[in-house]
2 protein chains.
Amino acid sequence: MNILVTGAAGMLGRKLVAKLLAAGSVTNRPITSMTLTDVGGFADVVPSNRVRTVVTDLAQPGVAASLIESRPELIFHLAAVVSGEAEADFEKGYCVNLDGTRALLEAIRKAGPGYCPRFVFASSVAVFGSPLPDIIQDDQGLTPLTSYGTQKAICELLLADYSRRGFIDGIGIRLPTIAIRPGKPNKAASGFFSNILREPLAGAEAILPVDESVRHWFASPRAAVGFIVHAATVDTSKLGSHRSLNLPGLSATVGEQLEALKRVAGERAVALVKRVPDPQIIKMIGSWPRSFDARRARDLGFVAESSFDEIIRVHIEDELGGVLRA
Amino acid sequence: MNILVTGAAGMLGRKLVAKLLAAGSVTNRPITSMTLTDVGGFADVVPSNRVRTVVTDLAQPGVAASLIESRPELIFHLAAVVSGEAEADFEKGYCVNLDGTRALLEAIRKAGPGYCPRFVFASSVAVFGSPLPDIIQDDQGLTPLTSYGTQKAICELLLADYSRRGFIDGIGIRLPTIAIRPGKPNKAASGFFSNILREPLAGAEAILPVDESVRHWFASPRAAVGFIVHAATVDTSKLGSHRSLNLPGLSATVGEQLEALKRVAGERAVALVKRVPDPQIIKMIGSWPRSFDARRARDLGFVAESSFDEIIRVHIEDELGGVLRA
């Protein structure tokens with residue numbers, strides 16, 4: 001199995017690569033070679049005769065074609081500019097999130113006929129915007145209200161059309177908001193959902209820019225990587241023409257997040273969360289999804305966490321060496 | 001009022017231009033200049049100091065920028081490759097229908113700040129594909145099942161995002177299938193809906209490739225041009241973030257079309273329709289919309305025909321000089 005991972009130096013990309021290398025196989029087929037690509041560098045990947053790293057920009061002419069020259073049978077397309085950055089930098093968002101994806105799809109199409117790789121696309125619940133029902137059903141229409149969500153929705157439409165035409169065997173997975181996102185805060189507008197847990201767990205202060213009643217949709221980084229790998233194994237004939245899936249996740253309020261934090265790390269941790277309302281984030285979040293039915297994905301075997309206590313424990317295990325030092 | 005019309009040499013474009021020139025104004029503002037552009041030539045337009053024709057390809061570098069150099073306050077974007085051609089020629093469809101639109105939107109964005117033209121986009125009911133309810137509601141999601149429908153859906157998403165960001169004042173109108181389309185059959189898969197009326201009305205045979213029970217959604221060319229002009233006058237603050245509208249139309253079966261033909265032109269005309277089933281068209285049509293609620297557009301003042309007898313009479317008036325010769 002020859003695999004290509006884009007955005008491989010990102011948070012999910014690094015975890016995905018580690019999981020793939022540890023497993024050594026996908027769908028019972030040994031991984032013979034992996035190409036990892038990203039615009040950023042690869043700090044923690046050791047290149048080998050099995051693993052090749054390529055620091056490059058997918059949207060540049062010729063780059064996508066060179067990446068699929070070896071005809072990878074499985075492509076994980078994770079490369080993206082996050083929501084806050086796509087909103088702040090209109091051109092960069094469209095260049096990376098739309099043009100990059102389209103360049104990759106076009107390179108695959110032009111490499112055919114006879115080449116039709118499994119193409120796992122990391123989409124987002126940001127393809128949905130208000131008005132939304134409390135529980136979003138699997139047939140909810142695409143109504144993005146951010147440039148990021150628009151770019152992801154457009155890529156989903158391309159994914160479906162390229163799949164229908166037989167150029168790729170595509171599957172789009174609408175990832176819940178990832179919490180607890182490790183490392184430093186990034187430019188995602190949803191970052192505070194992670195900050196208010198990660199920072200107090202490490203004994204540091206964090207800013208809460210919205211009300212505790214705000215409800216949102218979550219999965220841990222571990223669950224997200226599980227989704228991505230599982231998407232490579234799904235029988236796509238069951239997807240029909242609708243190639244993108246709402247994934248299972250955990251619907252929780254900020255208040256419920258803080259209660260779980262209290263249970264796991266005590267009152268002292270919760271006291272580190274400072275309330276500083278941010279009108280821009282409050283406005284954006286008001287249009288975001290709160291909960292999903294996700295039956296279709298659950299029936300296809302996708303599994304997420306069922307409590308924030310569990311999500312916090314996953315963070316402690318995967319990021320803090322299993323020990324809470326605070 | 002300075003106006004730009006793309007696809008101005010097409011069937012709807014020609015009729016739109018004629019209507020605008022006859023009216024001399026839009027929203028009570030006199031038309032001072034019009035730029036008409038198309039990849040094809042302008043057979044029946046007389047250039048004047050008020051009307052400029054430009055034969056060019058929107059998707060080529062620099063073309064869109066030159067077209068909006070004079071900062072038209074109103075843009076009718078009709079240029080498109082039709083459904084059958086977009087399906088047959090994948091690259092041409094994406095180039096004209098997606099890249100051409102995006103080039104125009106980008107040229108407008110880069111001409112700002114302070115420039116935010118009304119942008120009327122001719123979309124299509126092809127943005128919807130099965131499974132569909134018998135009567136499609138205004139909040140139906142985008143589920144195209146053709147490359148043409150995919151391209152139109154993507155452009156709708158761009159229209160909404162560019163409007164939200166303040167680059168354009170966009171409105172997308174999902175035109176029903178146009179019947180009776182004058183002139184020669186084109187490459188639209190829906191062409192037979194017109195052929196089976198237009199040809200017999202002229203004493204010629206026509207091919208019916210589907211069953212008489214097939215139901216679909218129609219408006220006359222005159223109604224379609226009315227929609228396009230009306231879209232220039234709509235108060236877009238009422239659209240909110242959903243900038244594209246299902247338009248009113250007439251839901252009718254092929255059988256009802258033929259009954260109307262019989263009433264207007266007699267049994268002899270109906271006898272000219274030859275049944276030659278076409279599996280490919282039958283398959284495509286099975287996923288197409290059958291009827292719409294379209295309340296939102298009706299509330300905004302969009303009006304369509306209410307019977308096929310009326311649609312046929314419009315054709316006789318507008319295309320046959322008011323006289324049925326057959």
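Let me begin inside chain B, where strand β4 and strand β5 (residues 51-55) run parallel and are joined by 5 bridges, strands being DSSP runs of E of at least two residues and helices runs of H or I of at least four, both numbered from the N terminus. Two strands are taken to pair if DSSP finds at least two bridges between them. Across this pairing, B:Leu36 stands opposite B:Thr53 of β5(B).

Before going on, I should say that this is a predicted model, in which local features need pLDDT of at least 70 and side-chain atom pairs count only at pLDDT 80 or more, while totals for chains, interfaces and linings use all residues. Residues are numbered from 1 along each chain as its sequence is written, and chains are lettered from A and ligands numbered from 1 in the order in which they are written.

Strand β4(B), residues 33-38, also runs parallel to strand β1 (residues 2-6) of chain B, again with 5 bridges, and there B:Asn2 has B:Ser33 as its bridge partner. Is this strand mostly covered or mostly open? It is mostly covered, since 5 of the 6 residues of β4(B) are buried, where buried means that 20 or more other C-beta atoms, placed from the backbone, lie within 10 Å of the residue's own.

Turning to helix α4 of chain B, residues 90-111, we have 22 residues that reach 31 Å from first C-alpha to last, close to the 32 Å expected, that expectation being 1.5 Å times one less than the number of residues. The helix has a kink of about 30 degrees centred on B:Asp99, the bend being the angle between axes fitted to the seven residues ending at a residue and the seven starting there. Among the buried residues of α4(B) are B:Tyr94, B:Leu98 and B:Arg102, and what covers the buried residues includes β1, α3 (83-88) and α5 of chain B.

How many residues does each chain bring to the contact between the two? Chain B brings 18 and chain A brings 18, with residues in contact if their C-beta atoms, placed from the backbone, lie within 7 Å. On the side of chain B, helix α5 (residues 147-164) gives the most, with 6 residues.

Finally, a rotation of 180 degrees with 0.0 Å of shift along its axis superposes chain B on chain A, with an RMSD of 0.0 Å, the fit being by least squares on the C-alpha atoms of residues with pLDDT of at least 70 in both. That is the relation of a two-fold axis, and the C-alpha of chain B nearest that axis belongs to B:Gly141, 1.8 Å away.

Key:
A residue is buried if 20 or more other C-beta atoms lie within 10 Å of its own, exposed if 12 or fewer, and partly exposed in between; C-beta atoms are placed from the backbone.
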